[in-house]
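Open the model in your viewer and keep the sequence panel beside it. The tour below goes from one selection to the next and says what is found at each stop.

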Amino acid sequence: MKKQTISIITSMLLLSQLGASEKLESIVITAKSPSAAIDTAGSYTIISQEEIKQMNANTIAEVLAERAGISTGVNSGSQYGRSSINLRGMDSKHSLILIDGKRVSASDALIGMSDFAYSWVPLNAIEKIEVVKGPMSSLYGSSAIGGVVNIITKKPKENFFGEVDAKYGFSSADGADEQDYSFNLGGKITDKLSATFFGQMIKIEPMKDGSNILAKREGRDVKNGIINLWYDIDDSQQIAISSMRGNEIRDNLKYEEYYDIDKSHDSIEYRKYFDDIKMNLKYYMTSLDAHSDDASLLYTHKMDDEVINAEFAISKFENNYIIIGAERRVEKYHKAYDLTPAKDFKDEIDYMSFYLQDEIAFGEKTLLTLGARYDKHEKFGGELSPKAYLVYKLDDYNRLKGGYGHGFNAPSLTQNSDDYVLAYPINTSSMPMLFYRFQGNSELKPEISDSFEIGYEYAKDTTSFKTTAFYTKVSDLITYKDNGTTVVMPIAYQEKLYSNVDEATIYGLEVEYEKKQFLSNLDIYMGYSYLHTEDEATGKELLLRPSHKANLKLSTILPLNIKSTLRVNYIGEQYNGEKDIGSYATAGLQFSKEMMKNLTLFAGVDNLTDKQLDDDYDFQLKNRVIYSRINYKF
């Protein structure tokens, strides 16, 4: 079969994302390439649904933290045990999160100390999670300096399918329990119409601190649901509709509804397949409203994104696979006060973007990927994000890879507006009362990065090995600078102006090894990350970025056909702004057995040694949790 024909068939799979999951495993959809994963430009991680089931995860952040190059950290401080993910040492706001290729609200950038972006999708709805590490602004624009996390949901198969899952766990330390109930259904309703339905309810009680007044880790009450529909007009045309709704209540003991978060994500897509051009037109809206009952936070964060995207995949020219796209995005933010609406803040930004990527084959051994995206931002102007990446095939199983990418992150709506002011008390017992007051700045420039990497990859049958060295220079990081003090008795304001002041250097090494049947019936995964970070203004490390991180997972079949999985995660020393704080390790153990056809029982323990972090950390681990789960498929 000619290479062009293979490219056409593969791109049909890429755009429709329908069909068997094993086919999806061999392609990195996020990279918009028809090539097999080993030939994909850049560094990637793929986590399957089966791997997710081998852990007691409640959010995608917990899933991702057990892979090389991805660590748990914080965005702008933390509270009540919240944590976020860092890709290659970049802040959480620099990692773009997508659901089936569509971005969700960037709450990390607009709500300080938030981690609301990690629980949009029921975990049982996920087919796989793709993580592309390193700048991806050449395809996805702003917020992709650190990389992209693409959550790919399950698609219908020819036969109707369903699954019901129930989990209960409790903390051995304080008795706080976890409950997780989920279901999914899907399949063909008629010859032309297919559908999937997903639902989930999670209830996690707060983990108490020593005083039992505030939560060491906040409780969560989560409800999520998704409906996806596909209608095949004919063999070459398809319409896809998706609607997602979610609500999440955060409980910090003092306030049972410290945050009440409503989420929605609606989209419609039209796909058309010509002989050598695949067209994808989509429109989607994403909303997140977060309201707090805290007496000091009686307002609602309202975030809305509206996106229109047109993309064409062209395989007409021999040895070239071209992606051309255009996008318009309107981002809105409204801070609505309950008692003083005159203080409301509201703003929006309009983006226009154009992008082009060409994967060029030179002979049988070399693939060169060139790409660029131009984003026109109505406030800070234009930004061009180029990328160049080379893959060289040593033989059928070995690859050398290397390349360069430019990334950028636009200032948030609050940071970029002269009208935005945020004040909060530092010490209310003093006279005059002392407040910090943060002022937006319309002169801000986007944060930018320039990254280089070189790597080697091996993949054959059930064995894979990847290693990548990378170097990133980040400029114009957005922080704040002192802007004097204003006294209006009885209040004194220490003024802080959002400014581009910092630069940072980040470099490191990632190594991953995975093999099934490593010893008899033993499967193994090992990951290691080395990371060096430096804030060039201070010469210090960036906050809470571990220098060393290692992950180990062992799975085997015990007597009576019981499957066991042991997971060990080591986190090295980190800098917390004052000193280096110590390393720690956690472990999890799970057993599962298929009791009868399609009925599987699980039992396990997380944080086996009940490891707890001290006050030097801005985030906390959950206590030891013992859990059981039942899963039935039909």
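A residue is called buried under 20% relative accessible area, exposed over 50%, and partly exposed in between, with a 1.4 Å probe and protein chains only as cover. The model is predicted: local features need pLDDT of at least 70, side-chain atom pairs count only at pLDDT 80 or more, and totals for chains, interfaces and linings use all residues. Residues are numbered from 1 along each chain as its sequence is written, and side-chain values use heavy atoms, with hydrogens and water left out.

**The whole chain**

Start with everything shown as a cartoon. The protein has six helices and 35 strands; these are DSSP runs numbered from the N terminus, helices being H or I of at least four residues and strands E of at least two. The C-alpha trace spans about 80 × 60 × 50 Å along its principal axes. For 634 residues a compact globule would have a radius of gyration near 26 Å, and the 24 Å of the protein agrees with that. This radius is taken over C-alpha atoms, and the globule rule is 2.2 Å times the number of residues to the power 0.38.

Now switch on the surface. About 26200 Å² is exposed, and carbon and sulfur atoms supply 57% of it; the areas come from the Shrake-Rupley method with a 1.4 Å probe. Of the 634 residues, 57% are buried. Among contacts with a separation of 6 or more, 61% are between residues 24 or more positions apart, where contact means heavy atoms within 4.5 Å.

**The open sheet, β1 to β7**

Select β1, β4, β5, β6 and β7. These five strands form an open sheet in the order β1-β6-β7-β4-β5, with mixed pairing. Its edge strands are β1 (43-48) and β5 (102-103), each of which pairs on one side only. Two strands count as paired if DSSP finds at least two bridges between them. Strand β4 (residues 95-99) runs antiparallel to β5, with two bridges. Here Leu98 stands opposite Arg103 in β5.

**β17, β18 and β19**

Next, select residues 299-314, which are strand β17; 16 bridges join β17 to the antiparallel β18. One pair to label is Asp305, which stands opposite Glu331 in β18. The two strands form a hairpin with five residues between them, and in the turn Asn319 has a positive phi of about 70°. How many residues of β18 are buried? In β18 (residues 320-337), 13 of the 18 residues are buried.

Add strand β19 (residues 345-362), which pairs with β18 in the antiparallel sense over 16 bridges. Ile322 has Asp358 in β19 as its bridge partner. Then show the side chains of Tyr299 and Lys335: Lys335 lies over the face of Tyr299, 4.4 Å from the ring centre. A charge sits over a ring if NZ of Lys or CZ of Arg is within 6 Å of the ring centre and within 35 degrees of the ring normal.

**β8, β34 and β35**

Move to the C-terminal strand numbers. Strand β8 (residues 161-171) pairs with β35 in the antiparallel sense over nine bridges, and the partner of Ala166 in β35 is Ile630. β35 also pairs with β34, again antiparallel, over eight bridges; there Ala603 is bridged to Ser628 in β35. Show Phe602 and Arg629 as sticks: Arg629 lies over the face of Phe602, at 4.0 Å from the ring centre.

The loop between β34 (599-606) and β35 (625-633) holds Asp610. The phi of Asp610 is near 55°, a positive value in a residue other than glycine. Most residues other than glycine have a negative phi. Asp610 counts as partly exposed at 23% relative accessibility.

**A second positive phi**

Go to the loop between β14 (237-251) and β15 (259-273), where Leu253 lies. Leu253 has a positive phi, near 80°, and at 27% relative accessibility Leu253 is partly exposed.

**Aromatic rings**

Finally, colour Phe, Tyr and Trp. The whole structure has 15 aromatic pairs. Rings (for Trp, the six-membered one) pair if their centres lie within 6.5 Å; planes under 30 degrees apart count as stacked, over 60 as edge-to-face and the rest as tilted. Is the pair Tyr617 and Phe619 stacked or edge-to-face? The centres are 5.7 Å apart and the planes stand at 75°, so Tyr617 and Phe619 are edge-to-face. Tyr617 is buried at 7% relative accessible area, and Phe619 is buried at 2%. For the last selection, take Tyr80, Phe116, Tyr258 and Tyr259, which form one aromatic cluster.
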